[in-house]
Amino acid sequence: GGYCLQFWAIPSEQDSKIVQAAPDIGSACREITGKEPEFLEESWGPEADHAVLKWLVPGTTYVFQVMAFNASGKGDWSDPSK
């Protein structure tokens with residue numbers, strides 16, 4: 001078991017404000033970027049309580065979702081971060 005992560009990168013400050021004000025963050029990200037979130041191939045084990053993402057670009061807003069998985073399968077994606 002463990003955790004997976006997917007994200008959208010929102011490079012524009014104006015688009016970032018639109019996303020943060022939206023009632024449905026995921027839909028706003030899809031509309032602004034024109035694509036589904038990017039899925040990280042890396043996953044973290046069940047003991048993980050944080051992750052360090054060293055590739056983030058300063059000045060870019062990121063919206064993340066997390067999903068847990070185990071031997072029974074995958075869970076639902078979390079609500080997108082604000």
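## Helix packing, salt bridges and the surroundings of Tyr3

Helices α1 and α2 cross with a right-handed sense. This description refers to a predicted model, in which the axes of α1 and α2 (residues 25–33) approach within 8 Å and cross at roughly 150°. An angle over 145 degrees counts as roughly antiparallel, and α1 and α2 are therefore roughly antiparallel to each other.

The contact between the two helices involves Asp15, Ile18, Val19 and Gln20 on the α1 side, which meet Ile25, Ala28, Cys29 and Ile32 of α2. By residue class, this contact of α1 with α2 divides into six nonpolar residues, one polar residue and one charged residue.

### Overall architecture

The protein contains two helices and four strands. Along the sequence these elements follow the order β-α-α-β-β-β. Taken along the principal axes, the C-alpha atoms fill a box of roughly 40 × 25 × 20 Å. Of the 82 residues in the protein, 28% are buried. Among contacts with a sequence separation of 6 or more, 65% are between residues 24 or more positions apart.

### Salt bridges

Side chains of opposite charge can pair when their charged atoms come close. The structure holds three salt bridges, listed here with the N to O distance and the relative accessible area of each partner.

| Acidic residue | Basic residue | N to O distance |
|---|---|---|
| Glu13 (58%, exposed) | Lys17 (49%, partly exposed) | 3.7 Å |
| Glu36 (49%, partly exposed) | Arg30 (33%, partly exposed) | 3.0 Å |
| Glu38 (37%, partly exposed) | Lys35 (45%, partly exposed) | 3.8 Å |

The pair of Glu13 and Lys17 lies within a single element: both residues belong to helix α1 (residues 13–21) and are four residues apart, about one turn of the helix. Their side chains meet with an N to O distance of 3.7 Å. Glu13 counts as exposed because its relative accessibility of 58% is over the 50% cut-off. Lys17, with a relative accessible area of 49%, is partly exposed.

In the second pair, the closest N and O atoms of Glu36 and Arg30 are 3.0 Å apart. Glu36 is partly exposed at 49%, and Arg30 is likewise partly exposed, with a relative accessible area of 33%.

The third salt bridge joins the side chains of Glu38 and Lys35 at 3.8 Å, N to O. Glu38 has a relative accessibility of 37% and counts as partly exposed; Lys35, at 45%, is also partly exposed.

### The surroundings of Tyr3

Tyr3 is located in strand β1 (residues 2–10). Its relative accessibility of 32% places Tyr3 in the partly exposed class. When residues up to four places away in sequence are not counted, Tyr3 touches Ser43, Trp44, Gly45, Pro46 and Ala48, together with Val66, Met67, Ala68 and Phe69. Another distant position in the chain is Lys74, which is 71 residues from Tyr3 along the sequence, while the C-alpha atoms of Tyr3 and Lys74 are separated by 9.2 Å.

Conventions
Residues are numbered from 1 along each chain as its sequence is written. This is a predicted model: local features need pLDDT of at least 70, side-chain atom pairs count only at pLDDT 80 or more; totals for chains, interfaces and linings use all residues. Side-chain values use heavy atoms; hydrogens and water are left out. A salt bridge is a side-chain nitrogen of Lys or Arg within 4 Å of a carboxyl oxygen of Asp or Glu. Buried means under 20% relative accessible area, exposed over 50%, partly exposed in between (1.4 Å probe, protein chains only). Axes are lines fitted to C-alpha atoms, for helices over the stretch in contact, and angles run from 0 to 180 degrees between N-to-C directions. Angles under 35 degrees count as roughly parallel, over 145 as roughly antiparallel, 65 to 115 as roughly perpendicular and the rest as oblique. A crossing is left-handed if the near helix is turned anticlockwise from the far one by less than a right angle, and right-handed if clockwise. Contact means heavy atoms within 4.5 Å. Ala, Val, Leu, Ile, Met, Phe, Trp, Tyr, Cys and Pro count as nonpolar, Asp, Glu, Lys and Arg as charged, and the others, Gly among them, as polar.
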